[in-house]
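Please open the model in your viewer and keep the selection tool ready. The stops below each say what to select and what is there.

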Amino acid sequence: MNVLVTGAAGFIGMHVVQRLATRGDRVVGIDNLNAYYDPALKQARLAELSGLPGFRFERLDIADGPALDALFAREKFDRVVHLAAQAGVRHSIENPLAYGESNLAGFLNVLEACRRHPVSHLVYASSSSVYGGNAKMPFSEADSVDHPVSLYAATKKANELMAHTYSHLYGIPTTGLRFFTVYGPWGRPDMAYFSFTRDILDGKPIAVFNDGKMMRDFTYIDDIVDGVVAVLDKPATPDPAFDALVPHPGRSRAPYRVFNIGNQDPVPLGAFIETIERALGVPAIKVFKPMQPGDVVATYADVSALRDWTGVSPKTPLADGIGRFVDWYRGHFKGR
C-alpha cells in the first residue's frame with residue numbers, strides 16, 4: 001500500500017513507519033519537528049528510518065492545509081495513519097492555543113484531505129485521557145467520555161467526534177485508537193518512565209505525584225504497533241447491530257470504530273518505580289507531591305473489542321519492556 005504516516009519523527013510514528021516499510025509498504029512520513037521536546041531526538045529517529053526501502057520523509061505541518069492537500073493530491077495515498085498531535089496533558093494547561101492549532105485545526109485538515117483525495121481508511125491516535133474522571137474500571141469503549149479533565153483530552157474526544165462526522169457524511173472509514181501510557185525505546189522525554197530513568201541515573205530526586213497513589217496501564221510500543229497495523233489492515237465498517245436508541249459510542253451506522261489499546265494490567269506507581277530501579281540497579285530519591293491539575297488517578301483498558309476485531313491483544317510484561325527501554329537509553333546516551 002501507499003501509506004501516509006503523520007508524526008513520523010515521533011515516538012509511535014517512528015515505530016509504525018519501521019513496521020510498514022519493513023513489510024513492503026511505500027510510506028511517506030511527515031512531521032513539523034517542533035521543539036515541544038528536544039528536536040535532536042526526533043532527528044535521531046529519522047536517521048534510524050533513513051535507510052528503509054520505500055520510505056520518504058517530508059517536513060510538513062498538518063496545520064498548513066494547502067501544503068497537506070498538495071501532498072495528498074501528489075501521492076494519492078491508499079491509507080493514512082494520523083499520529084501527529086501536540087502531546088502532553090500538563091502542557092495543554094499552560095499552552096492551550098497550541099492544541100487548537102494542531103489537534104483541532106490540523107486534524108480537520110487531515111479529514112478534509114481524506115475527503116478531497118479519497119483514502120480507503122484513516123486510522124488516528126486518540127488517547128486514554130478521554131476517559132477523564134471516569135471511575136468504573138476497566139475503561140470500555142461503551143462508556144461515556146463526556147467529562148475530560150484536561151484540554152488535551154478534550155481535543156482527543158473532539159477528534160473522535162469529527163472523524164465520526166466525516167465517516168457519516170462522506171463514507172470515509174475511520175478508526176480511532178485510544179492509547180494507554182505507551183513506553184519503550186525511543187520514547188518521549190516528557191513521559192515519566194523517561195524522566196525517572198534520567199533523574200535516577202543523575203542522582204536527582206524524582207517527583208512522585210498524588211503521594212504515589214496512582215495506577216497506569218503501561219503499554220509497550222511493540223504491542224501498540226501490532227494494534228495500529230492490524231487495525232489499518234481492517235478498515236472500519238458500519239455496525240449492523242448499532243441501535244440508535246442505545247447508541248454505542250465506539251461504533252456507528254457509518255464506517256466508524258474506536259478501540260482501546262492497553263496492556264490490561266494497571267500497575268501502581270510505586271511498583272513501576274521499583275521496576276525501573278531494578279533495571280537500572282540504582283535506587284531512586286523520591287519526593288512525594290500532590291496530584292497535578294489535569295491528571296487522573298488510574299487508567300485500565302478493556303481491550304476485548306480490539307481483540308475481537310483484529311485478534312491482537314497487548315502482552316509485553318512491564319519488567320521486559322522497561323528492561324528494553326533501559327538498554328536502549330544506556331546505548332543511546334553513551335556512558336549512562
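Begin with two helices, H7 and H9, which are oblique to each other. This is a predicted model. To see the pair, select residues 192-202 for H7 and turn the view until the axis of H9 is also visible; the two axes come within 11 Å and cross at roughly 50 degrees. That angle counts as oblique because it falls outside the ranges for roughly parallel (under 35 degrees), roughly antiparallel (over 145) and roughly perpendicular (65 to 115). The crossing of H7 with H9 is right-handed.

Now show side chains at this crossing. On H7, pick Tyr-193, Phe-196, Thr-197, Ile-200 and Leu-201; on H9, pick Leu-269, Phe-272, Ile-273, Ile-276 and Leu-280. Coloured by class, this contact between H7 and H9 shows nine nonpolar residues, one polar residue and no charged ones.

Stay on H7 and select Ser-195, which lies in this helix. Ser-195 counts as buried, with 17% relative accessibility. A distance drawn from the C-alpha atom of Ser-195 to that of Leu-269 should read 14 Å, and the two residues are 74 apart along the chain.

**Second crossing: H9 and H11**

Keep H9 (residues 269-280) selected and add H11 (residues 318-332); their axes come within 9 Å and cross at roughly 50 degrees. H9 and H11 are likewise oblique to each other, and their crossing is right-handed. From H9, the contact uses Phe-272, Thr-275, Ile-276, Ala-279 and Leu-280, while H11 supplies Leu-318, Ala-319, Ile-322, Val-326 and Arg-330. By class, the residues in this contact of H9 with H11 are eight nonpolar, one polar and one charged.

**The nonpolar cores**

Which residues touch the most other members of the largest nonpolar core? Select Val-5, Ile-12, Val-16, Phe-179, Tyr-193 and Phe-272, out of 63 residues in that core. Two of these names were met at the first crossing: Tyr-193 on H7 and Phe-272 on H9.

Centre the view on Phe-179 and show what surrounds it. Setting aside residues up to four places away in sequence, Phe-179 touches Ile-12, Leu-83, Ala-125, Ser-126, Ser-127, Ser-128, Ile-224, Val-228 and Ile-261. A second core, separate from the largest one, has 25 residues; select Ala-84, Ala-113, Tyr-256 and Val-258, which are among them.

**Backbone oddities**

The next stops are about backbone angles. Most residues other than glycine have a negative phi, and most peptide bonds are trans.

Select Met-137 and Pro-138: the peptide bond joining them is cis, with omega about -10 degrees. Pro-138 sits in the loop between strand E5 (121-127) and H6.

Go on to Trp-186, a non-glycine residue with a positive phi of about 70 degrees. Trp-186 is in the loop between strand E7 (182-183) and H7. Is Trp-186 buried or exposed? Its relative accessible area is 11%, so Trp-186 is buried.

Then select Gln-264, which is not a glycine either and has a positive phi of about 60 degrees. Look for Gln-264 in the loop between strand E11 (256-261) and strand E12 (267-268). Gln-264 is partly exposed, with a relative accessible area of 28%.

**Ser-150, Thr-155 and Glu-101**

Return to the loop between E5 and H6 and select Ser-150. Ser-150 is buried, at a relative accessible area of 9%. Apart from neighbours within four places in sequence, its contacts are Val-89, Ser-92 and Gly-294.

Move into H6 (residues 151-170) and pick Thr-155. This residue, Thr-155, is buried, with a relative accessible area of 2%. Show Tyr-99, Asn-103 and Leu-104 as well; Thr-155 touches these, not counting residues up to four places away in sequence.

For the last stop, select Glu-101 in helix H5 (residues 96-116). Glu-101 is partly exposed, with a relative accessible area of 48%. Beyond residues up to four places away in sequence, Glu-101 touches Ala-63 and Gly-106. Finally, draw a distance between the C-alpha atoms of Glu-101 and Asp-64: they are separated by 9.8 Å, and the residues are 37 apart along the chain.

Terms used
Residues are numbered from 1 along each chain as its sequence is written. This is a predicted model: local features need pLDDT of at least 70, side-chain atom pairs count only at pLDDT 80 or more; totals for chains, interfaces and linings use all residues. Side-chain values use heavy atoms; hydrogens and water are left out. Axes are lines fitted to C-alpha atoms, for helices over the stretch in contact, and angles run from 0 to 180 degrees between N-to-C directions. Helices (H or I, at least four residues) and strands (E, at least two) are DSSP runs, numbered from the N terminus. A crossing is left-handed if the near helix is turned anticlockwise from the far one by less than a right angle, and right-handed if clockwise. Contact means heavy atoms within 4.5 Å. Ala, Val, Leu, Ile, Met, Phe, Trp, Tyr, Cys and Pro count as nonpolar, Asp, Glu, Lys and Arg as charged, and the others, Gly among them, as polar. A nonpolar core is a set of buried Ala, Val, Leu, Ile, Met, Phe, Trp, Tyr and Cys residues joined through side-chain atoms within 4.5 Å. Buried means under 20% relative accessible area, exposed over 50%, partly exposed in between (1.4 Å probe, protein chains only).
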